Amino acid sequence: MSTETYNSWGRYFNYSHRVVPVYWTDDTLFTQAESEKLSVLPFGYGRSYGDLCLNDHGILLVTNNLDRLRTFDRENGILQCEAGVSLETILNFSVPRGWFLPVTPGTKFVTVGGAIANDVHGKNHHKSGTFGRYVKRFELVRSDGKPIICSAEQHSDLFRATIGGLGLTGLITWAEIQLKPITSSLIDCETIRFANLEEFFHLSETSDKEFEYTVAWIDCLATRDSLGRGIFIRGNHLHCTPPRYTTDSNSLSLTIPCNAPEFLLNSLSIKLFNAFYYHRQRRKQVRRHQHYGAFFYPLDKIGAWNRLYGKRGFFQYQLVLPNSHARAIRLILETVADSRLPASLAVLKQFGDIEASGLMSFPIPGITLSLDFANYGQKTFELFQQLDAVVVEHGGRIYPAKDAQMSAQIFQQSYPAWREFKDFVDPLFSSSFWRRVTPSP
Amino acid sequence: MSKKRTIVIFGATSSIAQATARLLAQEGAHIVLVARNAERLEMVSNDLAVRGASQVDKWVADLSNTEDHAELIAAITKSVGRADIALIAYGMLGDQHRAEKDFTHANDIVQTNFASAVSLLHAISDWFVASCTGTIVVLSSVAGDRGRQSNYVYGAAKAGLTVFLQGLRNRLFRQGVRVITIKPGMVDTPMTSHLRKGLLSTKPHRIAQGIVTAIEKKRHTVYLPGFWRPIMFVIRHIPEIIFKRLKL
Ligand SMILES: Cc1cc2nc3c(=O)[nH]c(=O)nc-3n(C[C@H](O)[C@H](O)[C@H](O)COP(=O)(O)OP(=O)(O)OC[C@H]3O[C@@H](n4cnc5c(N)ncnc54)[C@H](O)[C@@H]3O)c2cc1C
Ligand SMILES: NC(=O)c1ccc[n+]([C@@H]2O[C@H](COP(=O)([O-])OP(=O)(O)OC[C@H]3O[C@@H](n4cnc5c(N)ncnc54)[C@H](OP(=O)(O)O)[C@@H]3O)[C@@H](O)[C@H]2O)c1
C-alpha cells in the first residue's frame, strides 16, 4: 500500500491518501483499513469535481483495474461488467454491435461504479431519466460480510441507497446495464441561437417532445435584455438502413501538458470566448450529422483540460430548481453577474419528470444549471454561498458530484432523505465530502 | 480474412497477459489460458470471450510444478493441435530482503522466474518444432540486465531466463520457430502495486501493444517501452567500480 496525493477533476483539493488498488472482484479489501483504523472510499476515474471522491488521510480503493467485461446478451443489449470499466470502453465495444449507453454524462472517462454512485444524468434526462434506471443489478461488497447481489427485487433498499449512494454504501464490484439499440453512430443534430431566457424556456418546451437529447450553452457574460442568451443544441440518433457504425475521426487531439499560467483564463479571454461562441453561428439554426463523440463529449478531445485553470484549480457549481421556481434561474444569473466573477462555461438543461432511482439522486423535475469558475479565492466561495441560499430558498439543491463547499445545513435541508440514507452507509466507508456535510456532533 | 490465430498463455491472470490477450481477442483469436487460480481464470476467460475471442480454453495449473509440465503440454497439444503463439507471462517479484535471509523464498523466486521456465519452454519447444512454425514470447525484465541491491535475486533469475532464451532462439531458428524476449521496465501491475510509481512507469496495455508489434515485426529482443533500451545501455556500461557504490 503506497501513500499518494490524489485530487479530483477540479484540482482544488490535494489530499494525501493510502492507496489500495483493486484488481479482482474477490480481492480482500479491508485488511489495512481494519489494522490501521482508517476509513475507505472507492475511487473511479476521479471525474467528480470536488471532494466527493476523496478521503483525506484515509484509504482509496482505486477501481480502474476492475476493467473486465463479464457477459453480453447480444439480442437484448444487456452488458455485465466490472465496476471500473469506463463508459469509453463500453462504447468502443457496444457501438459496432449496435448498442449505445442509455444515459451518458458529458465525458466518457467515467467508470460504471462512478456513474452509479452519482446516478449521473445526460442530455436525455427528460426522456430517459438517470443512469440508475438502467442498472439491473450489481454486486456490493461491504465491510461486514459476504458480497451481496442487489436489484429491484433483491436487497432493494440497499439497491436504492447505492444508486446515487456517493460511494458510501460499499464497493460495487460489477454491474449489469441495459443498453439501447442504435442503427448509426451519428446524431442528427440542430443548433439554434436564442436571445434570452424566455426564448430558452420556449425552445426547451417545444424541443423536449421530439428530441431525445437537448441542452443549452449560455453566454453567461451577457446581461440585462440578453441575459441568458445562448445556443440550444438538440438531436436524435440517426436511423440508417442497413446499420452503419463509424469510429470518431478526430479522437483525442491535444493534451494540456502542464498547469497553465493563471492569467490565461481571465475575464477578458472568457468574455471573448463566450461572445465568439455565441456569434460564431451566423444563421439562427444549423442542422448537421455529428459523430456521437463530437456531440456528447466535445471536451474529451482535449486531454487534461482541467490544467487550463492553473494550479489553483477550478470549480463547477451545478444546481437544480424545481419547475415551480424555474424562473429563479434569472435571479441566479443576476447574482453571478453582480459578483463580477466570470463563469467560463454555463450549461442549462430541463430535467424531466421521471423519478430518479436512487434515494439520494440529485435530479428532480425542474431546471438545472452548471457554471464553471476558475478559483478566484474567497470571492468564489462567497458567491457560492449566496447562490446556495437562493437555491435552497426556491426548493432546489446542489449536485454533490460537482460540489466543493456546500455547508452541512444546506445539504441536510435540500437532501432530507440523508437521514434515511445514513443507515445504509457502511461503517468503514467515509469521504471528505461526507464528513463535511454530516459532521459528527 | 486471414485464418484466426491460436495463442497459448501461461500465467493468464497476469495484467500484462490480460492486456495482450484482449488485443488478440478483438481480432477473433482462439485463446488458450493457463493459470493457477481457477476463479480468476474464469473472470479473464469471460472477458476475452465477450470481447470477441472465437474460442477460449481454460487450464488450471501451478506452473512452478515442473513435474506436471510434460503432461500439461501434451494435453494442450491434444486439445488444440498446433498454436501460432505461446506467451510465457507468469512470474514473481518476491521480497529481496526476505530472500537474503530465507533461502526458501529466494529459491521460490528462482524456481518461478527461471527454473520452471526452463522446463516449460523445453516442452513448448518440442511441441512447436513438430510443426516447424510459431512464435514463443517470454516476459523477462530489464532487471536481468544488471544486478542491483534492491532486487538482485529476481534480477538474476530474469538474467538467467534472458540468456536461456538467447540459446533457445539460436537452437530453434533453423527449425522455423521464433523466440522473442520481452524486457519491460516498471509496469503498473499487482506485482509492483506496493512500489512508488515513478515517471517511467507504464500501463499494461502499452506493453501489450509492444508485444503484438514485436510478434508482427518478428523481433528478437524488445525493451518496452522502447526508451528502456538506451537507459539500460547506459546502466550496463557503468563500470562496476562505480556501480558497486551506487544506491540502486
Ligand atoms: C467534463 C465532465 C462532464 C460531466 N458531465 C456530467 C453530466 O453531464 N452529468 C452528470 O451527472 N455528471 C457529469 N459529470 C460528473 C461525472 O459524471 C461524475 O462525477 C461521475 O460520478 C464520475 O465518475 P468516476 O468514475 O470518475 O468516479 P469518481 O469521481 O472517482 O467517484 C465518484 C463517486 O463514485 C464512487 N464510486 C466510484 N466507483 C465506485 C464503485 N465501484 N463502487 C461504489 N462507489 C464508487 C466514489 O466513491 C465517489 O463517491 C461530468 C464530469 C466531467 C469531468
Ligand atoms: N510489472 C512489472 O513492472 C514487470 C516488469 C518487468 C517484467 N515483468 C514480468 O512480466 C510478467 C507478468 O507480470 P505482471 O506485471 O503482469 O504481474 P502480475 O499481474 O502480478 O502477474 C504475475 C502473474 O504470475 C502468476 N504466477 C506467479 N506464479 C505462478 C505459478 N507458480 N503458476 C502460475 N502462475 C503464476 C500470477 O498468478 P496469480 O494471479 O495466481 O498470483 C500472476 O497472474 C512477469 O514475468 C514479470 O516478471 C513485470
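Biologist: Across the interface of chain B and chain A, how many residue pairs are in polar contact?

Modeller: Seven residue pairs, with both partners at pLDDT 80 or more. Keep in mind that this is a predicted model. On the side of chain B that touches chain A, helix H1 (15-26) and helix H2 (38-51) of chain B are the elements that give two or more residues. H2(B) contributes the most there, with eight residues.

Biologist: How do the residues on that side of chain B divide by class?

Modeller: Four are nonpolar, seven are polar and seven are charged.

Biologist: Then how many salt bridges are there between chain B and chain A?

Modeller: The count is three. To read one, look for a side-chain nitrogen of Lys or Arg within 4 Å of a carboxyl oxygen of Asp or Glu. Take A:Asp27 and B:Arg40: their closest N and O atoms are 3.1 Å apart, so under that cut-off they form a salt bridge.

Biologist: OK, and what about the size of an interface?

Modeller: People often quote the accessible area lost when the parts come together. Here, chain B and chain A bury about 1600 Å² between them, and 51% of that is on carbon and sulfur atoms. On the chain B side, B:Arg40, B:Met43 and B:Val50 lose the most area to chain A, together 37% of what that side buries. So B:Arg40 turns up again, having already appeared as the salt-bridge partner of A:Asp27. If you'd rather count residues, the contact takes 18 from chain B and 20 from chain A.

Biologist: Let's turn to the ligand. Which residues are the closest to ligand 1?

Modeller: Start with the shell: 34 residues surround ligand 1, and the closest are A:Pro42, A:Arg47, A:Ser48, A:Thr111 and A:Tyr399. Then ask which elements they sit on. In chain A, strand S3 (40-43), helix H3 (112-117) and strand S10 (171-178) each supply at least two residues of that shell.

Biologist: And what is the shell like by class?

Modeller: You'll find 19 nonpolar, 13 polar and two charged residues around ligand 1.

Biologist: Where does the protein backbone come in, say at A:Gly46?

Modeller: Look for polar backbone atoms facing oxygen or nitrogen atoms of the ligand. At A:Gly46, a polar backbone atom is 2.8 Å from an oxygen atom of ligand 1. A:Tyr45 has a polar backbone atom 3.2 Å from a ligand oxygen. For a ligand nitrogen, go to A:His121, where a backbone N or O atom lies 2.8 Å away.

Biologist: How much of ligand 1 does the protein bury?

Modeller: Compare with the ligand by itself. Taken alone, ligand 1 exposes 970 Å², and the protein buries 95% of that.

Definitions and conventions. Residues are numbered from 1 along each chain as its sequence is written. Chains are lettered from A and ligands numbered from 1 in the order in which they are written. This is a predicted model: local features need pLDDT of at least 70, side-chain atom pairs count only at pLDDT 80 or more; totals for chains, interfaces and linings use all residues. Side-chain values use heavy atoms; hydrogens and water are left out. A residue is near a molecule or strand if one of its heavy atoms lies within 4 Å of it. A polar contact is a pair of N or O atoms within 3.5 Å; within protein, one must be able to donate a hydrogen and the other to accept it, and residues adjacent in sequence count only if both atoms are side-chain atoms. Accessible areas come from the Shrake-Rupley method with a 1.4 Å probe; for residues, only the protein chains shown count as cover. Helices (H or I, at least four residues) and strands (E, at least two) are DSSP runs, numbered from the N terminus. Ala, Val, Leu, Ile, Met, Phe, Trp, Tyr, Cys and Pro count as nonpolar, Asp, Glu, Lys and Arg as charged, and the others, Gly among them, as polar. Contact means heavy atoms within 4.5 Å. Buried area is the accessible area (1.4 Å probe) that two parts lose on being put together, summed over both.
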